[in-house]
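Me: I'm new to this one and would like to learn how to read it. Can you take me through it feature by feature?

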Amino acid sequence: MTSPTTHGRWLAPAVVGVGALVVVTLVVRSVISAAFVVGSMDEATAVRVSVASLIVGAVLGVVGGVLAAYFAVRRLPTPYAVAVVVIVSAPLTLVATGVLYGTLGCLGWL
Amino acid sequence: MSTSEAQVDRRRLALFVALSLPLASLLVVASAIERPFVPVRRSASNERRAAVAIRDDVIPFQKWGTRLFTLPSLESAYERVSYFTQTAADDRRAAFVEAIRVSANACDVVDVFLLAHGNRFVDWVAALEPAVTAKLRLVYDTGCGDVAQAERWIALGADAYVGHVGLSTSPVFYVYFLRRWVAGRQLATAVQDSNGAAETILRVAAPPFVGRDGVDALVAGSRAELAGRGELSIGSR
């Protein structure tokens, strides 16, 4: 029922989406904090880098969640599709939307 | 139902789920955390207003986050914005005080945002000439318990002062407050609405960290109080 190819269809965007959010929330934050501590990055640059990374990461998170849901519902047997949407896609899309919404709100765009 | 019809139905369902996910997420985020505001732009009036903000020496991530949130909002609503971040080596006193003086000379009103833990910036500003401090309009202070400084700020010349009652999670209030203030809400309304929104969030998010019993104390301590002219808005004098 679910071949490796079928799995790949929904798994790949989900992995990219989750990965983008993890990079945003952990790696970028750590790099910026470390750069501040050693004085190699000024505040204005840090703001620009972090805003850009937040937006890119969040957009990828939303896209990843949506694509994962699309391929899961289209390709997997219903119980598996529901599980993928509920466990992977919906939380990923929700968190990524929150990050994107918060970032745009911080910039005064929302 | 034929196999091809089932495939079409499946595609439609997949499309529906995929489109519904971000919409549902947006509804949840916007209704649970904060609704969108219409972006504001500086008025074309002759009035010139300035904002001076200072962040204390905290961890880099907090400095970065405060600046990320504060600066774009202030720049969208004020003709002149000065933003300072303290470091262990430089408390930025000279630059901060000079910025208030220059802003007062250049603009009709100056709003001050003290984004710091319990602080004594009032002592720095008290050294300025009365003609300068008379231009102070709103002073907002995130410091824990700094509502006690209200009388002194008003006596210095500020039209209004907003400070927190006790041990405070001021950033939660501040996020709601700044957005409403720069969007043109009356000061009293902005404070009241922001207190309400902050309390809602704290009652949902804080219990795992402070326990059910600690939430009431946290909400009470985080409450912001207004002294002075509550009818002020960002476009008024």
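## Reading the helices and loops

Reply: Happy to. Let's begin with a pair of helices: helix 7 of chain B crosses helix 8 of chain B in a right-handed way. Keep in mind that this is a predicted model.

Me: At what angle do helix 7 and helix 8 of chain B pack, and how far apart are their axes?

Reply: The angle is about 145 degrees, and the axes lie 8 Å apart. Helix 7 covers residues 170-182 of chain B, while helix 8 covers residues 187-205. From helix 7, the contact uses Val172(B), Phe173(B), Tyr176(B), Phe177(B), Arg180(B) and Trp181(B). Helix 8 brings in residues including Leu187(B), Ala190(B), Asp193(B), Ile201(B) and Leu202(B).

Me: How do the residues of that contact between helix 7 and helix 8 of chain B divide into nonpolar, polar and charged?

Reply: There are 12 nonpolar residues, two polar and two charged.

Me: Next, a single helix. How far does helix 2 of chain B reach, from its first C-alpha to its last?

Reply: Helix 2 spans residues 60-77 of chain B, which is 18 residues, and reaches 26 Å. A rise of 1.5 Å a residue leads you to expect 26 Å, and the helix comes close to that.

Me: Which residues of helix 2 of chain B are buried?

Reply: Buried is a matter of relative accessible area, with the cut-off at under 20%. Among those that pass in helix 2 of chain B are Lys63(B), Trp64(B), Arg67(B), Phe69(B), Leu71(B) and Ala77(B).

Me: I see a proline, Pro72(B), in that helix 2 of chain B. What does Pro72(B) touch, leaving out residues up to four places away in sequence?

Reply: Pro72(B) touches Arg67(B) in its own chain, plus Cys106(A) and Leu107(A) in chain A. Pro72(B) has 22% relative accessibility, so it counts as partly exposed.

Me: Let's move to the loops. Where is Asp57(B) found?

Reply: Asp57(B) sits in the loop that runs between strand 1 (49-55) and helix 2 of chain B. Its relative accessibility is 39%, which means that Asp57(B) is partly exposed. To see how a chain folds back, set sequence distance beside distance in space. Asp57(B) and Thr85(B) are 28 residues apart in sequence, yet their C-alpha atoms are 6.9 Å apart. Setting aside neighbours within four places in sequence, Asp57(B) contacts Lys63(B), Gln86(B), Thr87(B) and Ala88(B).

Me: What is the phi of Arg92(B)?

Reply: Here's the general idea: most residues other than glycine have a negative phi. Arg92(B) has a positive one, near 65 degrees. Look for Arg92(B) in the loop between strand 2 (80-85) and helix 3 (93-106) of chain B. With a relative accessible area of 25%, Arg92(B) is partly exposed.

Me: Now the whole chains. How many helices and strands does each have?

Reply: Chain A has three helices and zero strands, so to speak α-α-α from the N terminus on. Chain B has nine helices and six strands, and its C-alpha trace spans about 85 × 50 × 40 Å along the principal axes.

Me: What share of the residues is buried in each chain?

Reply: In chain A, 45% of the 110 residues are buried; in chain B, 47% of the 237 residues are.

Me: And what about the accessible surface?

Reply: Chain A has about 5300 Å² of accessible surface, with 77% belonging to carbon and sulfur atoms. Chain B exposes about 11100 Å², and carbon and sulfur atoms supply 58% of that.

Conventions:
Residues numbered from 1 in each chain as written. Chains lettered and ligands numbered in written order. Predicted model: local features only at pLDDT ≥ 70, side-chain atom pairs only at ≥ 80, totals over all residues. Heavy atoms only, no water. Axes fitted to C-alpha atoms, helices over the stretch in contact; angles between N-to-C directions. Helix = DSSP H or I, 4+ residues; strand = E, 2+ residues; numbered from the N terminus. Left-handed = near helix turned anticlockwise from the far one by under 90°. Contact = heavy atoms within 4.5 Å. Nonpolar A, V, L, I, M, F, W, Y, C, P; charged D, E, K, R; others polar. Expected span 1.5 Å × (residues − 1). Buried < 20%, exposed > 50% of the residue type's maximum accessible area, 1.4 Å probe, protein only. Areas by Shrake-Rupley, 256 points an atom, 1.4 Å probe, with all protein chains shown as cover.
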